[in-house]
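Here are some comments for a colleague who is opening this structure for the first time. Please read them with the sequence and the model side by side.

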Amino acid sequence: MKVTIVGCGDAFASGGRAHTCFRLDSPAGAAIVDFGASSIAAWKRLGFRFEEVDLVAISHLHGDHFGGLPFLLLDCEFVERRVRPLIVAGPPGLKTRLGQMLDASFPSRPPWSFPLELVELQPGRPARLSGFTLENFEVIHSPGSSPTGLRLDDGGALFAFSGDTSWTDALYDIAQDADLFLCECYSGEQPAPGHLDWPTLRAKLSGFSAKRMVVTHMSDSALRRRAEMEGAGLVAAYDGQIFDLEPRGDGGARAGVPALP
């Protein structure tokens with residue numbers, strides 16, 4: 001699996017980073033994890049096309065993580081003239097919130113000419129979608145955003161993402177044995193409601209079992225602590241960064257996971 005950090009910024013684009021967006025490429029297919037309001041510019045700057053992607057997975061319903069979806073869908077419709085199906089999966093409430101956002105942004109849009117499926121995932125109930133086993137976990141953030149962390153397994157490598165959250169032991173489950181775990185760390189100093197801070201994360205590091213851990217969604221105060229984070233064995237994310245994950249060789253996705261069309 002190849003993971004490209006399309007955008008790793010916070011809501012305020014601290015450090016000039018684009019809103020959260022990650023691209024996963026594997027033999028199973030290609031997927032997008034989160035697509036914030038500014039993600040389409042970062043996506044096109046890297047020369048990517050939406051036609052290459054079959055699945056978009058959303059961690060939670062805040063604009064810097066899913067606010068770019070109307071632009072993604074309209075680009076598929078009017079620029080790329082997509083004909084292949086596209087699945088957008090996310091937490092409960094995705095269908096309603098995306099519909100509201102589309103109505104507010106582009107009320108005169110025509111029906112989609114490509115098959116679009118919206119899937120609302122129930123936390124703790126993994127599903128097979130477009131060649132990936134996708135599972136989400138409840139985390140602690142703004143309740144109205146239906147916050148979750150994500151795990152995507154292509155049968156050879158496992159990608160995990162905290163979403164936006166303050167400390168919760170669920171992060172250990174999200175990151176468990178992941179080949180790559182992206183963990184938010186918004187604040188470098190003082191605790192911030194609904195987010196992780198560096199002192200708290202540093203104190204919890206010994207409990208993580210992920211093979212590689214990358215810090216993302218950093219404010220200016222967290223960016224100033226990058227050297228400390230890297231000294232603790234973490235990697236600080238930046239836009240355009242690429243990670244190549246080696247296959248585990250354990251024979252594929254977990255048994256007993258239901259496949260969705």
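1. L129 lies in strand β7 of what is a predicted model, and with a relative accessibility of 0% this leucine counts as buried, since the limit for that label is under 20%. Computed along the sequence is not how the next pair should be judged alone: L129 and L223 are separated by 94 residues in sequence and by 35 Å in space, taken from C-alpha to C-alpha.2. Strand β7 belongs to an open sheet of seven strands with mixed pairing, and the order across this sheet is β7-β8-β9-β10-β11-β12-β13. Because β7 (127-129) and β13 (235-236) stand at the edges and each has a single partner strand, one side of each is left without a neighbour in the sheet. In general, the strands of a sheet pair through backbone hydrogen bonds, in either a parallel or an antiparallel manner.

3. How do strands β11 and β12 run, and how many bridges join them? Strand β11 (residues 180-184) and strand β12 (residues 213-216) run parallel, and four bridges join the two. One position to look at is L182, whose bridge partner in β12 is V214.

4. S130 follows in the loop between β7 and β8, where its phi is near 50°, a positive value in a residue other than glycine. The relative accessibility of S130 is 25%, so this serine counts as partly exposed. A second residue of this kind is R81, which is found in the loop between α3 and β5 and has a phi near 55°, again positive in a residue other than glycine. With a relative accessible area of 57%, R81 is exposed.

5. Is S145 buried or exposed, given its place in a loop? S145 sits in the loop between β8 (132-138) and β9 (148-153), and yet at 0% relative accessibility this serine counts as buried. A polar atom of the S145 side chain lies 2.7 Å from the backbone oxygen of S142. When the neighbours within four places in sequence are left aside, S145 is in contact with H60, L61 and H62.

6. Helix α4 (residues 94-105) has 12 residues, and the distance from its first C-alpha to its last is 16 Å, close to the 16 Å expected at 1.5 Å a residue. The buried residues of α4 are L94, L98, M101 and L102. They cover an arc of only 100° around the axis, which puts them on the same side of the helix α4. The elements against which these buried residues pack are α2 (63-66), α3 (69-79), β5 (86-90) and β6 (116-120).

7. Why is there no disulfide between C8 and C21? The closest cysteine sulfur to that of C8 is the one in C21, and because the two are 11 Å apart, they are too far from each other for a bond, the limit being 2.5 Å between the sulfur atoms. C21 likewise is in no disulfide, as the nearest cysteine sulfur to it is that of C8, 11 Å away. By this rule the count of disulfides comes to zero. Both cysteines are nevertheless classed as buried, C8 at 1% relative accessibility and C21 with a relative accessible area of 0%.

Conventions:
Residues numbered from 1 in each chain as written. Predicted model: local features only at pLDDT ≥ 70, side-chain atom pairs only at ≥ 80, totals over all residues. Heavy atoms only, no water. Expected span 1.5 Å × (residues − 1). Buried < 20%, exposed > 50% of the residue type's maximum accessible area, 1.4 Å probe, protein only. Arc of directions from axis to C-beta. Contact = heavy atoms within 4.5 Å. Pairing = 2+ DSSP bridges. Polar contact = N/O pair within 3.5 Å; in protein donor to acceptor, adjacent residues only side chain to side chain.
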